[in-house]
Amino acid sequence: MNIYFTKEHEWVKVQDGVGVAGISEHAAHELGDITFVELPKVGTVVEQFKLLGSIESVKAASDIFAPVSGFVIKINEALETAPEVVNESAEDAGWMVWIQMGDASELKNLMTREQYDEYLKSL
Amino acid sequence: MPSNITFPGEEAMDEKLKSTPLNARHRSLNALMAPFGGWDMPIQYAGIIAEHGWCREKAALFDICHMGEFLFEGDFEGSGLEEVFTFSVKTIPVGRSRYGFLLNEQGGVIDDLIVFRLAENKAMIVVNAATIANDFSVIKSRLRNGTFTDITDETGKIDLQGPLARQILVEVFGEQIAQIPYFKFISMQLLGCEAIVSRTGYTGELGYEIFLSSGKIGELWDLLLRDERVKPAGLGARDVLRLEMGYSLYGHDIDENITPLEAGLEGFVNFSKEFVGKEALLCQKERGLARRKVAFEVEGRRSPRQHYEILCSGENVGCVTSGVFSPMLGRGIGIGLVKPEATGIGSRLIICHERVSMEATVCELPFYPGGSLRA
């Protein structure tokens, strides 16, 4: 499954019109120990690059932005009591939401893994 | 997700940072380094929560070489030293230390510090890193005579804190360590050098602050870390540990515009003696406090953070001065300065900032009463 990244360090993996989204390993590492994840309710309509939720670590609080537009069909409820999963597995078990996508062409606005790695080097 | 994440207390990297004698060791341990009080300090090694847990359960080692040490030799009364701080220096027994404040004329806190009575006419004053230069000049300006020296550069300091700290130090340095009660210290030979081992700390756990020549402190650090019960901990964990105890952090919970009365620290002010700022404090007592320290627990895992607004019954009553996620409580905790009517235990508060809002309840300190501090 292809993975795409935003400049704000969210990722999305797309299959059959559904995008699974979270934050990148780089972002999780930068945040340090994650202590709280706030996710939207199932059914919420989200817009690409607009607010999706928020995340807190011992060091900082940050917003999470939606990598694609659509509506939220599932959230990772385990993060409510075990947000540290995002540190342990940011790009897999630490997924945050499933988004039923409206417009697959939005993926053009995102970076591939290779482009994201290059982007990280430029920071 | 922003990419510029800073830790509370960190500052912009503008001036040249000072390094402690342990700097290369932190780098070889892959510590995350950041500026703190003008020093390049380790924020974390393995991770803040892991280091916090290690301190609560075993023993954590902290590089505290950035803090300042001054030496005073002379007549405490005749020199005026007795009136410099909010507590009496001359009544500290030799071998004991006392915590309190250096105030300005308005009663604001220039620094919080500890004085160690080394001998009849000799005291060591331990101050915060960011305030070293100013503290030194303020204290010096208030002294009429005596010898007053800044010994920060030649003095190293590391803290071993945690329930196993005593046992470990006894095994390494001998039985005399076991005899030190809380807020007492001993002078002893460590690694062929004169050292001070003090039963004090900033974590709420049984622990020791060790002062040793800066040329020898690296050797002591290595020696203690060779024990597998000891792990290094950074300033990130130290901040969580101190806040779980409700201890004030200079520059956040106390500063030149906050008095010890407002900060809930009147117990460290001795009104039966003279000191700079006394009149202002007495005046404030008479008028009544317009704001007071409050401690609160959040419902849920969100962290309150410095400068977040505090509401009570729909009214803005003040703001957060320190806040963090408490691993021991599994929820957010914080302290702030608010109107006195909002400080009753059990009062309901709303902590808010931009679109974040959390419910909180006023509680007693410490947040975490289970520490081994007085074990």
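Helices and strands here are DSSP runs, numbered from the N terminus: a helix has at least four residues and a strand at least two. With that in hand, let's take a walk through this predicted model.

**Stop 1: all of chain B**

Select chain B and colour it by secondary structure. You are looking at seven helices and 19 strands. Turn the C-alpha trace around: along its principal axes it spans about 60 × 50 × 45 Å. The radius of gyration of chain B is 20 Å, which agrees with the value near 21 Å for a compact globule of 375 residues. Of those 375 residues, 48% count as buried. Among contacts in chain B with a separation of 6 or more, 68% join residues 24 or more positions apart.

**Stop 2: the domains**

Now give each domain of chain B its own colour. The assignment lists domain 1 (23–67 + 153–244), domain 2 (68–150) and domain 3 (290–365). Put domains 1 and 2 on screen; their C-alpha centres lie 24 Å apart. Where they touch, domain 1 of chain B contributes 15 residues and domain 2 of chain B twelve residues. To find the domain 1 side, select strand 10 (185–190) and strand 11 (193–198) of chain B, each of which supplies at least two residues to it. That side is made up of eight nonpolar residues, six polar and one charged.

**Stop 3: one proline**

Next, pick P260(B), in the loop between helix 6 and helix 7 (278–287) of chain B. Is P260(B) buried or exposed? It counts as buried, because it has 25 C-beta neighbours inside 10 Å, and the cut-off for buried is 20 or more. Show its contacts too: they include T86(B), F101(B), V109(B) and F268(B). Then draw a C-alpha to C-alpha distance to G100(B): the two residues are 160 apart in sequence and 9.1 Å apart in space.

**Stop 4: the nonpolar cores**

Select L61(B), I125(B), I158(B), L160(B) and I210(B). These touch the most other members of the largest nonpolar core, which has 92 residues. Zoom in on L160(B), whose contacts include A59(B), L61(B), I168(B), I210(B) and V230(B). Another core lies apart from the largest one; it has 31 residues, among them W11(A), V14(A), L52(A) and V72(A).

**Stop 5: where the chains meet**

Finally, show both chains. Here 17 residues of chain B are in contact with 19 residues of chain A. On chain B, select helix 2 (48–57), helix 6 (235–245) and strand 16 (315–326), each supplying at least two residues of this side. Colour the chain B side by residue type and you will find nine nonpolar, five polar and three charged residues.

Conventions. Residues numbered from 1 in each chain as written. Chains lettered and ligands numbered in written order. Predicted model: local features only at pLDDT ≥ 70, side-chain atom pairs only at ≥ 80, totals over all residues. Contact = placed C-beta atoms within 7 Å. Nonpolar A, V, L, I, M, F, W, Y, C, P; charged D, E, K, R; others polar. Domains from an automatic or database assignment. Buried ≥ 20, exposed ≤ 12 C-beta atoms within 10 Å, placed from the backbone. Core = buried A, V, L, I, M, F, W, Y, C linked by C-beta atoms within 7 Å. Rg over C-alpha atoms; globule rule 2.2 N^0.38 Å. Lists of a residue's contacts leave out its neighbours within four places in sequence.
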